[in-house]
Amino acid sequence: RMILSIESSCDDSSIAITEIKTNKLIYHKKISQELQHSIYGGVVPELAARLHIEALPKILEECKEYFPFLKAIAVTNAPGLSVTLTEGVTMAKALSISLNLPLIAVNHLKGHIYSLFIEKDEILPMTVLLVSGGHTQIIEANSLYDMKVIASTMDDSFGESFDKVSKMMHLGYPGGPVVQEYALKGDMNRFDLPVPLSQSPKIEFSYSGLKNAVRMQIEKLENSEDGIMQQDKYDLCASFQKTAVLHIMQKLKKLFKQKAPKNFAIVGGASANIHLRAQLEELCKKSNTNLYLSELKYCSDNAAMIGRVAVEQYKQNDFIRIQDIDVQSRIKELVWA
Ligand code: KG4
Ligand code: ZN
């Protein structure tokens, strides 16, 4: 007995088949569109939707042998780009009707949290830092139906700031991996960039000021006699990454000071950042907190994490009628039931 899950919230087309009883991942495939969006320095929604239309049926073709074992169809319906979410949801509806199977609507952010539990048992409650291209949040995850956002970004997200810094230096999309790579060759103390909200007692995030400080530094270098050199880019990436991570760490230290969590995790595409992982490992060690990380291959968007959530929803009979499923670009609620 298996569930087929579909993910298309941004620029990854992915389908997974998960066995309900064992959480075993029977099939998983993802086709990324990074290359096609790279020249634009970011995801172009209409292009992404068109690429999903090509990729999703291609992947589905490989799953046909599992159709007789399916018990439900799951799909990400929020949050994400509406035009790309719609492609996945449309496919899910068609499968649900043609195979006469119930439909499960999955919150993509819960998916990132459950990326920790792919082929594993659930470990909750847990405090989770979600860092992706669209989100920078701290979530108190008590159970699948009791999750509370306790901190968010006021503007850009952590991953997005890497994408924008990369774009400013023409390093391509996504920015995270390339900026991290450049940072390895740079001097993180060369540029003194402002740590966002360092004086504020509140636990919240902001990345637009830091991004603008990087922009101004680039302009200064470009207008200098020699122009911007390769080493300048390395140093700027290193200084930026150090500051971006320091901002998160300052806020997390505040949170841990109030009450150190027993279990803590980082999830989302940007949780692959090695500098962030290293700093968090240190903080958790000091605080006697268990740190959980998703496997690198499950950090970015994928259908395996959606399937893992769907298994839990299936067990709770949490289905949605075809006429009731809608796509939402944002989840405004701070409490996810
Ligand atoms: O979770 P994800 O695949 O998609 C969203 O749901 O947004 O996250 C993608 C984001 C991009 O902004 C990308 O630049 C960022 O994660 N990212 C990183 C790293 N790897 C990916 N950011 C910082 N450091 C990285 N190593
Ligand atoms: Zn995501």
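The 4 donor atoms around the zinc ion (ligand 2) subtend angles of 94 to 139°, and that makes the arrangement irregular. To count as tetrahedral, four donors need all angles between 85 and 135 degrees; four count as square planar and six as octahedral if opposite donors are over 155 degrees apart and all others between 65 and 115, and anything else is irregular. Keep in mind that this is a predicted model, where local features need pLDDT of at least 70, side-chain atom pairs count only at pLDDT 80 or more, and totals for chains, interfaces and linings use all residues. Residues are numbered from 1 along each chain as its sequence is written, chains are lettered from A and ligands numbered from 1 in the order in which they are written, and side-chain values use heavy atoms, with hydrogens and water left out.

**The zinc site**

- Which protein atoms hold on to the zinc ion (ligand 2) as donors? They are His108 (NE2), His112 (NE2) and Asp301 (OD), at 2.0 to 2.1 Å from the ion.
- A donor here is an N, O or S atom within 2.8 Å of the metal (3.2 Å for Na, K and Ca), and water is not among the atoms, so sites may look incomplete.
- Along the sequence, the zinc donor residues follow the spacing H-x3-H-x188-D.
- Histidine 108 sits in helix 4 (residues 108-114) and aspartate 301 in the loop between strand 10 (290-293) and helix 10 (303-315), so this pair ties together parts that are 193 residues apart in sequence.
- Helices (H or I, at least four residues) and strands (E, at least two) are DSSP runs, numbered from the N terminus.
- Histidine 108 and aspartate 301 are both buried. Buried means under 20% relative accessible area, exposed means over 50%, and partly exposed is in between (1.4 Å probe, protein chains only).

**Glutamate 7**

- You'll find glutamate 7 in strand 1 (residues 2-7).
- Glutamate 7 is buried but has no salt bridge, and the nearest side chain of opposite charge, lysine 30, is 8.4 Å away. For charge, Lys and Arg count as positive and Asp and Glu as negative, while His and the chain ends are not counted.
- What does the side chain of glutamate 7 make with that of serine 9? The two are joined by a polar contact of 2.6 Å.
- A polar contact is a pair of N or O atoms within 3.5 Å; within protein, one must be able to donate a hydrogen and the other to accept it, and residues adjacent in sequence count only if both atoms are side-chain atoms.
- Leaving aside residues up to four places away in sequence, glutamate 7 touches several residues, including the zinc donors His108 and Asp301. Contact means heavy atoms within 4.5 Å.

**Salt bridges**

- How many salt bridges does a search of the whole structure find? There are 11, each being a side-chain nitrogen of Lys or Arg within 4 Å of a carboxyl oxygen of Asp or Glu.
- Aspartate 12 pairs with lysine 30, with the closest N and O atoms 4.0 Å apart. This salt bridge links strand 2 (residues 12-19), home of aspartate 12, to strand 3 (residues 25-32), home of lysine 30, and the two residues are 18 apart.
- Aspartate 12 is buried, at a relative accessible area of 5%, whereas lysine 30 is partly exposed at 27%.
- Lysine 29 and glutamate 62 also meet in a salt bridge (2.9 Å, N to O). Lysine 29 is in strand 3 and glutamate 62 in helix 2 (residues 45-63), so the pair ties together parts that are 33 residues apart in sequence.
- Lysine 29 counts as partly exposed at 29% relative accessibility, and glutamate 62 counts as partly exposed at 37%.
- Arginine 190 forms a salt bridge with aspartate 235, and their closest N and O atoms are 2.8 Å apart. Arginine 190 is in the loop between helix 6 and helix 7 (208-222), aspartate 235 is in helix 8, and the two are 45 residues apart.
- Asp156, Glu160, Lys164 and Lys211 are joined into one network by salt bridges that share partners.

**Helix 6 and helix 8**

- Among the buried residues of helix 6 (residues 175-184) are Val178, Val179 and Tyr182.
- The buried residues of helix 6 pack against helix 5 (158-168), helix 8 (230-258) and helix 9 (274-287).
- Lysine 233 is in helix 8 and counts as buried at 18% relative accessibility.
- Tyr182 is one of the residues that lysine 233 touches, not counting residues up to four places away in sequence.
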